[in-house]
Amino acid sequence: MAGTRAWLASMAAMLVLTAGAVFAMATPASAAPVRVMPLGDSITGSPGCWRALLWNRLQEAGHTNVDFVGTLPAQGCGVPYDGDNEGHGGALVTTVANQNQLVGWLAASSPDVVLMHFGTNDVWSNVPAATILAAYTKLVGQMRASNPAMRILVAQIIPMAPATCAECGARAVALNDAIPAWAAATSTAQSPVVVVDQWTGFGTGGDTYDGVHPNAAGDRKISDRWYPALVEALSGTPTASPTVSPTATPTVSPTATPTVSPTATPTVTSTFPPAGCSAVFRNAGQWQGGFQGEVTVSNTGVTALNGWTVRWTFADGQRISQLWNGELSADGAAVMVRNASWNGAIPRGGLATFGFVAS
């Protein structure tokens, strides 16, 4: 199979991202099922009915060669489904990591894919985001020791507003803001780490019954966010990642779209005006049927930025299925990402990042 490539071609006032053709291979009926482990706390278990919705949606869409696995059984959601999981109510991801609990769960279930929504109880317990991410790193290492080609989907956790923790909402934001950069640094071509934004569009008022745990509407939203990322992960074994790291260097005003000078190579340079920004694309992971991209927007000028916009055009029919830390608009191949409400202001020398999963 021809190797998959990703690069940025430059056009005036546009950041252009191009990835080569990728091919999803059908899974033979006789093949062993793909083993998927839902991992987390009570939001994943107890009863975690988003798993029932997700399972049945996969079946209805023809993804029937899938086996949800874990040492815990279904908790009952009123519909038949494969309910095996590792959703341990009250668990802290830092405790699971420190006590090496995942090692035994992996040995019992041998998953190929992990869906991880974990850290809510750590946030509630005021565990720093850096400590939570260190626990994530340890768990990823244990996953890869179990299966070097493990495909790992990590959620930016749903919002929190428990009556007993006024600070939990802001702590959850801090964790979610740190996850994409952690994932980009942790992902490999053989074992991609893909971020799934469970935060955006989820409201504690309408989508939870207690400010933390999802109600029926919340279960539907969680399932809908997992679905496209999981379908991508089911498409096949990860392939080699492109070796280029395209860079677009614009000369723009603070709120304008980055402008790129045409060049034959992925990296370009220019002299920055007093106000300016740059956008740098990084392929954070590649697998058969999809890839994860990360874009870093840097303030290269001498004054603060109060907002930013990045535009590009997909050249080979790619489509974004998930995006985090930005607001997405797409019209066919044309893509535009604006800053989110919390990362539009960039001080001199500062940066913001957003990421996406595309097929």
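These are my notebook entries on a predicted model of one protein chain.

**Entry 1: the whole chain**

I began with the overall inventory. I found eight helices and 16 strands in the chain. The chain has 359 residues, and 53% of them count as buried. I then looked up how far apart in sequence the contacting residues lie. Among contacts with a separation of 6 or more, 73% are between residues 24 or more positions apart. For the surface, I noted about 13,900 Å² exposed, with carbon and sulfur atoms supplying 56% of that area.

**Entry 2: a pair of helices**

Next I turned to two helices that pack together. Two packed helices are described by the angle between their axes and the distance between the axes. For helix 5 (residues 129-146) and helix 6 (residues 168-186), I read an angle of about 35° and axes 10 Å apart. The crossing of helix 5 past helix 6 is right-handed. I listed the residues that make this contact: helix 5 gives Ala 129, Ile 132, Leu 133, Tyr 136, Thr 137, Val 140 and Arg 144, while helix 6 gives Ala 174, Leu 175, Ala 178, Ile 179, Trp 182 and Thr 186. Sorted by kind, the residues of this contact come to ten nonpolar, two polar and one charged.

**Entry 3: helix 1 and its cover**

Which residues of helix 1 are buried? In this helix (residues 50-60), I found Trp 50, Arg 51, Ala 52, Leu 54, Trp 55 and Leu 58. I also checked what lies over them. Their cover includes strand 3 (34-40), strand 4 (66-68), strand 6 (113-117) and helix 8 (216-234). After helix 1 comes Gly 62, and I noted its positive phi, near 95°.

**Entry 4: the loop before helix 1**

I walked back into the loop between strand 3 and helix 1, where I stopped at Ile 43. Is Ile 43 buried or exposed? Ile 43 has a relative accessible area of 3%, so it counts as buried. Leaving out residues up to four places away in sequence, I saw that Ile 43 touches Gly 48, Trp 50, His 117, Thr 120, Ile 158, Val 212, His 213, Pro 214 and Ile 222. I also looked up Ile 43 and Gly 87: they are 44 residues apart along the chain, yet their C-alpha atoms are separated by 7.2 Å.

Further on, I met a cis peptide bond between Ser 46 and Pro 47, with omega about -10°. Ser 46 lies in the loop between strand 3 and helix 1, and Pro 47 lies in that loop as well. Ser 46 has a positive phi, near 55°, although it is not a glycine. With a relative accessible area of 42%, Ser 46 is partly exposed.

I added Ser 110 to this page for its backbone. Its phi is positive too, near 50°, again in a residue other than glycine. Ser 110 sits in the loop between helix 3 (101-109) and strand 6. I found Ser 110 partly exposed, with a relative accessible area of 40%.

**Entry 5: strand 11**

Why do I call strand 11 largely enclosed by the rest of the structure? Because ten of the ten residues of this strand (residues 290-299) are buried. In a regular strand the side chains alternate between the two faces of the sheet. I therefore checked each side of strand 11, and both faces are covered. Gly 290, Gln 292, Glu 294, Thr 296 and Ser 298 are buried on one side, and Phe 291, Gly 293, Val 295, Val 297 and Asn 299 on the other.

I then looked for a pairing partner. Strand 11 pairs with strand 16 (residues 351-358) in the antiparallel sense, over eight bridges. Within strand 16, Phe 356 stands opposite Gly 293.

I picked out Ser 298 of strand 11 for a closer look. This serine is buried, with a relative accessible area of 17%. Neighbours within four places in sequence aside, Ser 298 is in contact with Gly 276, Cys 277, Ser 278, Gly 350 and Leu 351.

**Entry 6: a three-stranded sheet**

My last stop was an open sheet of three strands, ordered 12-15-14 with antiparallel pairing. Strand 12 (309-313) and strand 14 (326-331) are the edge strands, each pairing on one side only. On average, neighbouring strands here are turned by 15° against each other, direction ignored. Strand 12 pairs with strand 15 (residues 334-339) over five antiparallel bridges. As one bridge to remember, I wrote down Thr 309, whose partner in strand 15 is Arg 338.

How values were computed
Residues are numbered from 1 along each chain as its sequence is written. This is a predicted model: local features need pLDDT of at least 70, side-chain atom pairs count only at pLDDT 80 or more; totals for chains, interfaces and linings use all residues. Side-chain values use heavy atoms; hydrogens and water are left out. Helices (H or I, at least four residues) and strands (E, at least two) are DSSP runs, numbered from the N terminus. Buried means under 20% relative accessible area, exposed over 50%, partly exposed in between (1.4 Å probe, protein chains only). Contact means heavy atoms within 4.5 Å. Accessible areas come from the Shrake-Rupley method with a 1.4 Å probe; for residues, only the protein chains shown count as cover. Axes are lines fitted to C-alpha atoms, for helices over the stretch in contact, and angles run from 0 to 180 degrees between N-to-C directions. A crossing is left-handed if the near helix is turned anticlockwise from the far one by less than a right angle, and right-handed if clockwise. Ala, Val, Leu, Ile, Met, Phe, Trp, Tyr, Cys and Pro count as nonpolar, Asp, Glu, Lys and Arg as charged, and the others, Gly among them, as polar. Two strands pair if DSSP finds at least two bridges between them.
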